[in-house]
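Here is a friendly walk through one protein chain, told in questions and answers. Have the viewer open and follow along as we go.

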Amino acid sequence: MVGDRVSPWLATTTRPYFNNAGLAPASTAAQFTTAFNAEGADLARSAERFNNVAAAGTVVFNLDGTQPTSIRNWTNTVTSSRPLDGTQDPSIVDPAIYPLDRNVIGNAMQRRWRGSIHGLVFELNPWRDVYIEGGYNREVFDTRSLSFISGNNTDLRVELNRFLPDGLTPNPNLGRYYVEDDITGSMWRNHRTERRLQVAFAQDLEKRGGFWRWLGSHQGAVMYTGGINMRVQQNNNNARIISDNTFDGILYPAGTNAANDSIRNTRRLRARFYVDTPQNNSRGQFQLQAPFNLWEGETRVIGKDSAGRDVLINSGMSNPYGAQVQTSNGKKKEDAIQWGMQSSFLQGRLNLTVGERFSNASFAPWVGQGGASGRLARRYNAATGRYEEPVRSAAATIFPSNGQAVGNAGFEPWDAMLSRGGEYDSLEAATKYSVTSRMKGVVLHPLGRNAIPSLHYTESSSAFVADFTRKSPSGAEAQLDDGTTREYGLSLRFLDDKFVVRVNAYESIYLGVSGGSPSVPNPTAVGGNSGMDRTDIRWTAIHIEKSVQNYNLVKSGGRYETVATGAPVLGGTNSGIVAASPIRYFQDDVSTWPSEGAAGNAFSLKYANSADRIAKGLEYRLIANPTRGWSVSASLATNNTQSSNIAGDWFGVIGYRLKDWLAAANDVAAPQRGTGTGATQLHFNSSTNANENLLAFIRSSALGWAFLRQSEGQANNQEVQWRGNVTTSYRIQTGVLKGFRFGGSLRYRGDRILGYHDKTVATADLSSDPILGTPGLFPTGSSITIADVARPIMGGSVVNTDAVLGYSTTVFKKRVRWNLSLNVRNVLNDDKLIAQSGLSAAGSPVVFQYPEPRVFLLTNSFDF
């Protein structure tokens with residue numbers, strides 16, 4: 001549902017606007033603060049400063065697609081605030097503010113697919129009870145997405161600025177609602193080739209009688225599988241400005257232009273779309289309308305700059321000066337042999353199953369995936385007009401053809417990469433590994449196959465061979481999803497199998513579950529919400545490490561390129577990276593990152609954030625056929641899933657680096673990006689907390705680390721403990737209604753954890769923790785507020801109902817079967833909002849999903 005940045009303003013008494021007359025992007029923060037504070041408390045509690053730190057400006061679209069102003073930098077204007085503690089966008093749940101059944105994105109986010117599949121299958125039966133089967137399959141899929149607004153940024157805001165960013169022109173959209181995000185896109189290509197050959201046999205020795213009957217019946221198979229899966233992608237590839245323009249408040253370093261400086265933050269744009277709402281409805285346009293066909297052309301004029309010149313953008317696939325992001329992923333090869341045997345003895349009373357799988361696999365990542373010795377991704381050399389693979393020269397990265405520094409040169413774009421066959425030749429050396437999986441099980445019918453009870457036990461170990469790879473901070477391949485599972489239970493049959501009851505218990509342990517680390521409630525920022533990736537321990541480590549490396553470089557003779565946030569440090573003799581560092585791979589990776597704001601955009605496909613997952617549960621199932629034509633199925637299951645070894649690799653990084661990080665962060669005389677000295681700066685500040693320093697960021701991030709520490713061994717967030725299903729169907733067997741059937745189902749999903757209430761902890765009580773107790777992390781004698789894992793916020797249970805009415809008969813002298821079926825989903829038309837996430841400041845769910853309304857599906861089919 002649509003995120004809420006409106007209700008705090010609506011809840012004020014005066015519903016104030018901001019008089020930004022005389023303010024411009026070049027105005028100082030002090031001048032903005034003076035004007036803002038003069039507006040009073042209602043504006044202070046419902047709005048915050050907006051600062052274009054990660055874009056050249058914002059292109060603004062009216063409801064009709066026209067532009068009310070040139071592309072401008074909206075720094076020193078305001079945007080409406082989030083409710084509650086400002087760390088999350090709660091859903092709008094009041095239809096008077098915005099329709100609950102609408103998606104604000106409209107057609108401003110689009111995706112296209114193209115693919116081809118071909119293959120063959122053959123089957124042979126050369127001898128009795130011996131079967132041979134083989135196959136080959138090849139798939140190629142291309143996917144591309146373009147968007148003005150991403151699905152993760154649909155928060156609705158209200159325009160509160162009386163004037164446009166020049167501080168002179170009245171704002172024609174004052175009071176209107178809008179959404180805003182980066183203009184971005186992504187490209188993926190997946191090649192998959194699979195081949196298999198299987199030989200199977202069946203032999204029933206019991207039929208021979210005599211001594212042979214004791215040797216049982218057997219089925220077995222041996223199968224070879226081989227596959228190659230190659231994936232290439234450019235994720236979060238923002239549209240780039242490919243013309244040289246002037247934007248108020250944006251200063252480009254001397255000697256840079258669109259050709260040699262393509263990936264700089266301020267060579268991309270944001271888009272703002274005004275929309276209708278129930279209170280301000282002029283056109284009934286509650287959803288975004290793309291101002292042009294996103295697929296019509298990749299290069300286009302999107303508006304005017306502050307000097308009246310055309311602003312030319314390219315959406316990413318064919319950018320003449322290179323893409324914002326490098327191509328990632330790689331190529332996996334796997335050859336495996338697996339065998340299995342199922343044997344039955346004593347007329348089916350004892351049944352045994354065994355099997356193994358032996359895999360030899362390799363993964364070759366795309367070049368440029370980090371490390372001090374790996375190849376680098378191709379970049380655009382503006383001097384030669386070609387894409388070249390850079391080389392390292394001491395601490396610098398240069399183009400081999402002319403020795404010029406790479407700087408912010410663009411990466412090889414999608415079309416150029418594909419046209420030269422780059423998906424095949426831009427791979428690093430493959431990492432090889434071998435894994436084995438095993439399975440064994442037994443089913444016992446002590447009183448005969450059709451008697452009661454039946455007992456079963458299964459034990460399996462799985463070694464996961466992924467279609468992708470993830471790195472640990474040391475540069476090693478991260479362990480992904482390896483684990484073991486045990487299941488055991490019994491079955492009871494009554495009245496000639498009219499009633500069957502099954503009970504199954506299981507326990508599983510999976511090591512290194514990718515993405516298995518619990519979601520961290522957004523920690524409160526010091527001095528406001530920065531939005532700087534605090535909920536992921538990987539990104540906090542990257543931001544802190546980058547900031548400390550910048551600090552060390554500046555302290556050793558370097559200087560910031562400009563005063564802009566995210567500006568790189570030029571020169572400097574010491575980054576603080578020790579040659580023997582166990583996380584040298586990670587530190588080298590961070591050192592070459594050009595500070596593109598959110599770390600997740602750059603590193604989400606590289607580094608794993610995992611945890612071990614332990615699950616235990618019970619399953620109950622009843623299958624009944626009380627009378628002819630009537631069937632009933634009911635199930636009930638309970639599950640308890642916990643995580644352990646949460647983010648172990650990343651706590652290792654923090655443990656190794658924290659003292660050095662704090663030494664830098666506690667320096668109150670560090671050189672600043674502008675002039676003078678002060679507290680050590682964060683390498684990149686978001687628009688809503690431009691003055692946050694490094695120490696404040698570390699302390700805020702540590703609140704998330706503390707939550708992860710407390711989550712060890714606790715029930716997993718979002719896991720449903722109880723679930724159940726009941727399905728019944730009755731088919732009329734005789735009379736004029738013969739062939740009709742009707743039935744329904746009920747699905748129950750129990751309560752689940754959506755968040756946690758807060759608790760206050762004295763920092764002195766954390767002294768025994770090797771990380772959270774580090775001196776200098778928190779002020780002496782202070783306390784912190786963190787999520788209390790013992791006091792969860794629950795989401796409530798969910799019940800769904802479905803129904804079916806059908807008719808089946810034969811026609812054309814019983815040569816064709818006709819089936820007609822009407823399925824009704826959500827029979828009761830339950831429109832209760834489905835809770836998705838809770839927030840400690842509210843003590844209740846705040847993010848919701850709108851339920852699917854009642855749906856009728858009519859299916860008509862003929863079988864012949």
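**Salt bridges, strands and a surface patch**

Q: With a relative accessibility of 16%, is R72 buried or exposed?
A: This is a predicted model, so side-chain atom pairs count only at pLDDT 80 or more. The cut-off for a buried residue is under 20% relative accessible area. R72 has a relative accessibility of 16%, so R72 counts as buried.

Q: Which residue meets the side chain of R72 in a salt bridge?
A: The N to O distance in this pair is 3.8 Å, and a salt bridge requires the nitrogen to be within 4 Å of a carboxyl oxygen. The two partners link distant parts of the chain, 94 residues apart. R72 is in the loop between β3 and β4, while the loop between β7 and β8 holds the partner, D166.

Q: How many salt bridges does the structure hold?
A: Side chains of opposite charge can pair when their charged atoms come close. The pair of R72 and D166 is a salt bridge of this kind. For the whole structure, the number of salt bridges is 43.

Q: In which strand is R270, the salt-bridge partner of D182?
A: The side chains of R270 and D182 meet at 3.2 Å, N to O, and both residues are buried. Along the chain they are 88 residues apart. D182 belongs to strand β8, and R270 to strand β12.

Q: Which residues are linked with D182 and R270 in a network of salt bridges?
A: D182 and R270 form a salt bridge with each other. The network that includes them also takes in other residues. Those are E159, E180 and R272.

Q: Why are R584 and D588 separated by about one helical turn?
A: The closest N and O atoms of their salt bridge are 3.0 Å apart. R584 is partly exposed at 31% relative accessibility, whereas D588 is buried at 11%. Both residues are in helix α7, and the separation is about one helical turn because they are 4 residues apart.

Q: Which residue's side chain makes a polar contact with the side chain of R189?
A: R189 is in strand β9 and counts as buried, at 16% relative accessibility. Beyond four places away in sequence, R189 touches several residues, including R114, D142, W414 and L418. The polar contact, at 3.2 Å, is with the side chain of E423.

Q: Which residue has its backbone nitrogen 2.8 Å from a polar atom of the S547 side chain?
A: S547 is in helix α6 and is buried, with a relative accessible area of 1%. Although S547 and Q681 are 134 residues apart along the chain, their C-alpha atoms are separated by 7.1 Å. Leaving aside neighbours within four places in sequence, S547 is in contact with Q681, L682, H683 and L694. The backbone nitrogen at 2.8 Å belongs to H683.

Q: Which strands are at the edges of the open sheet with the order β1-β7-β8-β12-β3?
A: This sheet of 5 strands has mixed pairing. Within it, β1 and β7 pair in the parallel sense over 2 bridges, and G3 stands opposite D155 in β7. An edge strand pairs on one side only, and the edge strands are β1 and β3.

Q: Which residue of β35 stands opposite F740?
A: Strands β32 and β35 run antiparallel and are joined by 10 bridges. One facing pair here has F740 on one side. Its partner in β35 is Y807.

Q: Which residue in the hairpin of β35 and β36 takes a positive phi?
A: β35 and β36 pair in the antiparallel sense over 10 bridges, and V811 has V816 in β36 as its bridge partner. The hairpin has 4 residues between the strands. The positive phi, near 55°, is taken by F812.

Q: What is the area of the nonpolar surface patch that includes L746?
A: L746 is in strand β32 and counts as partly exposed, at 38% relative accessibility. β27, β31 and β32 each supply at least two residues of the patch. Among its other members are L618, W722 and V799, and the area is about 630 Å².

Definitions and conventions: Residues are numbered from 1 along each chain as its sequence is written. This is a predicted model: local features need pLDDT of at least 70, side-chain atom pairs count only at pLDDT 80 or more; totals for chains, interfaces and linings use all residues. Side-chain values use heavy atoms; hydrogens and water are left out. Patches are made of residues with over 30% relative accessible area and no salt bridge: like charges are joined within 9 Å, nonpolar side chains (Val, Leu, Ile, Met, Phe, Trp, Tyr) within 5 Å. Accessible areas come from the Shrake-Rupley method with a 1.4 Å probe; for residues, only the protein chains shown count as cover. Buried means under 20% relative accessible area, exposed over 50%, partly exposed in between (1.4 Å probe, protein chains only). Two strands pair if DSSP finds at least two bridges between them. A polar contact is a pair of N or O atoms within 3.5 Å; within protein, one must be able to donate a hydrogen and the other to accept it, and residues adjacent in sequence count only if both atoms are side-chain atoms. Contact means heavy atoms within 4.5 Å.
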